[in-house]
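This note sets out, in numbered points, what can be read from the coordinates under review. Please consult the structure while reading.

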Amino acid sequence: MTSRAEAEPPRTPAGSAEPPRAGTGTRETGSTTEDLEAGNTTDGLEVGSTPDDLEDRTFRAAFDFAPVAMAVVDREGLVVTANDALAALLGAGPDGLAGRVAADLVDLASDARTWHAYREVLRGRQARLRCTRRLKHPDGHSLWAQVTVSPLPEEEQAVLVSVCDISARRELQARLRHLQMHDPVTRLPNRTLFFERLSAALEAEAYEESGTGRIGLCYLDLDGFKAVNDTLGHRIGDRLLAAVAERLTRCADEAGHERAAKPLVARLGGDEFALLVEDSTGTEQLAELAKSVLTALQTPFDISGQRLSVSASIGVVERHAAETTATCLMQAADTTLYWAKADGKSRWTLFDPERNAHRMTRQALASTLRPAIEKGEFALEYQPLVGMEDGGVRGVEALVRWNHPQFGTLTPNRFIGLAEEDGSIVQLGRWVLGAACRQARRWQLDHPDVPPVFVSVNVAVRQVWDSDLVADVAAILSETGLAPHLLQLELTESAVMGSAGRPLQALQALSDMGVRIAIDDFGTGYSNLAYLSRLPVSVLKLDGSFVRGFQYEEAGNRANPADEVIVEALIELAHRLGLTVTAECVETAGQASRLRRIGCDTGQGWLYSRPVAADRISALLTGADSGADCPQT
């Protein structure tokens with residue numbers, strides 16, 4: 001039996017090395033006792049080095065051979081050390097960069113903002129700086145570099161500058177931007193680039209320090225280009241657009257030959273092009289450019305064996321850059337281009353503020369016309385129709401007025417055309433018809449001792465086509481109690497003479513109902529006199545131009561025989577067809593006297609009365625009852 005002391009292995013003192021294993025010795029471990037005491041081993045370490053030394057050498061090797069160009073820069077901005085990649089990038093030896101001013105090497109002092117940020121990083125007050133710089137290589141070529149400045153640990157008292165060559169990326173970006181900003185058919189700047197340039201030209205910095213401070217634009221559209229696409233195909237159309245672009249570019253080159261910059265030519269889409277003139281010298285410069293474009297396009301184009309001729313309509317706008325915006329300039333150009341098209345095409349038109357104001361007013365009226373009917377903004381005035389023999393009031397013509405909240409009282413010539421265009425004439429005409437019939441019935445009831453007067457209402461041909469005019473008239477007469485023979489409907493000569501189908505049927509139905517049908521402005525259209533005898537017409541209203549042409553002896557002039565012969569012939573023709581005649585625009589007693597002598601039945605004009613409110617007509621009716629002529633107002 002062994003003792004406990006013999007059974008337990010001897011203990012190793014705390015902190016001592018583990019006892020050697022069986023079969024090993026100090027020599028076989030690769031280290032001597034002296035080495036261990038000195039701390040020098042051969043297990044991955046060189047004799048006389050520490051792990052920190054190895055780590056330093058490893059990081060130094062990584063820095064030297066890294067593919068990223070780098071340099072360590074001290075707090076004063078001087079290069080402490082640089083790697084081979086940076087030396088190669090800048091075209092210098094690594095040793096040649098030490099001690100150099102880092103900001104000069106990578107162009108960090110070229111603008112104040114970057115220089116300030118760089119200094120803040122050097123002082124430890126900013127975390128990092130990243131910027132893009134264009135650097136000059138000693139062999140002459142330039143390169144784009146992304147420069148990053150990052151602080152090293154505080155104890156190092158330095159920053160790390162890394163430089164990455166991004167020239168290939170920038171070149172790719174430039175190519176992609178060019179594709180994005182240019183039209184593939186004509187290779188001209190596209191709409192996006194055009195508006196970018198326009199917006200930049202209108203910024204205050206672009207014109208305040210130098211230049212004329214003005215800007216001009218020629219906005220053009222090819223006349224009839226759609227026909228080329230439709231007949232010859234889009235391939236020929238695209239080649240034609242490219243050929244047009246070449247001529248426009250030549251015009252721009254010639255216009256900018258003696259100037260600081262030539263006009264920018266852009267394709268805005270379809271067959272629309274623009275020539276932008278920055279720092280223009282006035283409308284004369286833009287006019288000359290527009291004329292040169294029209295001249296350049298006059299020569300026919302030879303496209304794939306086809307000889308094609310095109311023209312252009314051009315809208316020209318020129319103004320102070322400080323007084324406009326890109327949106328306003330383009331709106332003005334578009335409006336002016338529309339004017340050029342409307343004026344006959346193949347021409348240039350200069351923007352006219354007064355004409356544009358009229359257009360804007362027209363647009364404002366068109367947008368508020370329908371709501372105005374519902375709001376009750378319309379009212380009627382009445383102009384008497386007077387018997388030529390006795391001067392008594394036979395009837396009145398109802399004339400609509402628009403009491404516009406912004407533009408005041410508007411006469412029919414300001415809005416009837418708009419109402420016909422958008423179809424609101426049906427709603428407006430129905431209201432006029434109802435209001436006129438109610439007023440005529442009220443006069444009849446208020447003045448039972450006076451022969452009732454008829455009311456004449458103008459009707460647009462669209463009312464006949466777009467509504468059931470016969471049903472509307474019947475309903476209104478029934479509602480108001482007005483007798484059908486006291487209603488007269490006036491249609492223009494061109495509308496009545498061309499009546500066929502539904503319009504003619506409607507006129508016939510109204511005539512059968514007892515309603516009087518009158519042809520307004522007779523003698524100004526293309527009258528088919530044979531057709532006139534077959535229409536259900538009761539009255540001819542001679543256009544005022546015939547009456548205004550009369551000259552009378554009391555004014556010191558002799559009468560115009562031609563006007564008198566024509567009017568007398570028309571009156572005689574009407575009477576032979578069983579029609580009565582009303583002369584419009586009677587303004588003098590001499591005109592009235594002559595019309596009376598040649599047999600005109602009724603007259604209408606300022607000699608008798610201007611259009612007046614309904615209560616004034618009541619006074620005229622009272623005067624007519626006593627046999628007095630209608631007073632001139």
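1. A salt bridge is taken here as a side-chain nitrogen of Lys or Arg within 4 Å of a carboxyl oxygen of Asp or Glu. Arg177 and Glu196 form such a bridge, with their closest N and O atoms 2.4 Å apart. The two partners are distant in the chain: Arg177 belongs to helix 8 (residues 167-181) and Glu196 to helix 9 (residues 191-201), with their positions 19 residues apart. Helices (H or I, at least four residues) and strands (E, at least two) are DSSP runs, numbered from the N terminus.

2. On provenance, the model is predicted: local features need pLDDT of at least 70 and side-chain atom pairs count only at pLDDT 80 or more, whereas totals for chains, interfaces and linings use all residues. Residues are numbered from 1 along each chain as its sequence is written, and side-chain values use heavy atoms, with hydrogens and water left out.

3. Accessibility is classed as buried (under 20% relative accessible area), exposed (over 50%) or partly exposed (in between), with a 1.4 Å probe and protein chains only. Arg177 is partly exposed because its relative accessibility is 36%, and Glu196 is likewise partly exposed, at 37%.

4. The whole structure holds 27 salt bridges. One of them joins Lys541 to Glu584, with a closest N to O distance of 3.7 Å. Lys541 lies in strand 19 (residues 539-542) and Glu584 in the loop between strand 20 (580-583) and helix 25 (589-597), 43 residues apart. Lys541 is buried, since its relative accessible area is 0%; Glu584 is buried as well, at 11%. A network of salt bridges links these two residues with Glu397 and Glu490.

5. Asp521, in strand 18, merits inspection alongside that pair. Contact meaning heavy atoms within 4.5 Å, Asp521 touches Glu493, Lys541, Asp543 and Glu584, residues up to four places away in sequence not being counted. Asp521 is classed as partly exposed because its relative accessible area is 27%. The C-alpha atoms of Asp521 and Thr492 are 6.2 Å apart, although 29 residues separate the two in sequence.

6. Which residues lie closest to the centre of the largest pocket? They are Glu397, Leu399, Pro412, Asn458 and Asp520, out of 38 lining residues. The pocket has a volume of about 960 Å³. A pocket is an open set of points on a 1 Å grid over the protein atoms alone, where a 1.4 Å probe fits, with protein on both sides within 12 Å along at least five of seven lines; lining residues have an atom within 4 Å of a point. Grid points are joined across faces, edges and corners, and the volume is the space filled by probe spheres set on them.

7. Strand 14 supplies five residues, the largest share of that lining. By class, the lining has 16 nonpolar, eleven polar and eleven charged residues. Ala, Val, Leu, Ile, Met, Phe, Trp, Tyr, Cys and Pro count as nonpolar, Asp, Glu, Lys and Arg as charged, and the others, Gly among them, as polar.

8. A nonpolar core is a set of buried Ala, Val, Leu, Ile, Met, Phe, Trp, Tyr and Cys residues joined through side-chain atoms within 4.5 Å. The largest has 79 residues, of which Val455, Leu487, Leu489 and Leu595 touch the most other members. Helix 17 (residues 425-446) gives this core its largest share, ten residues. A second, separate core has 32 residues, including Leu188 and Ile314.
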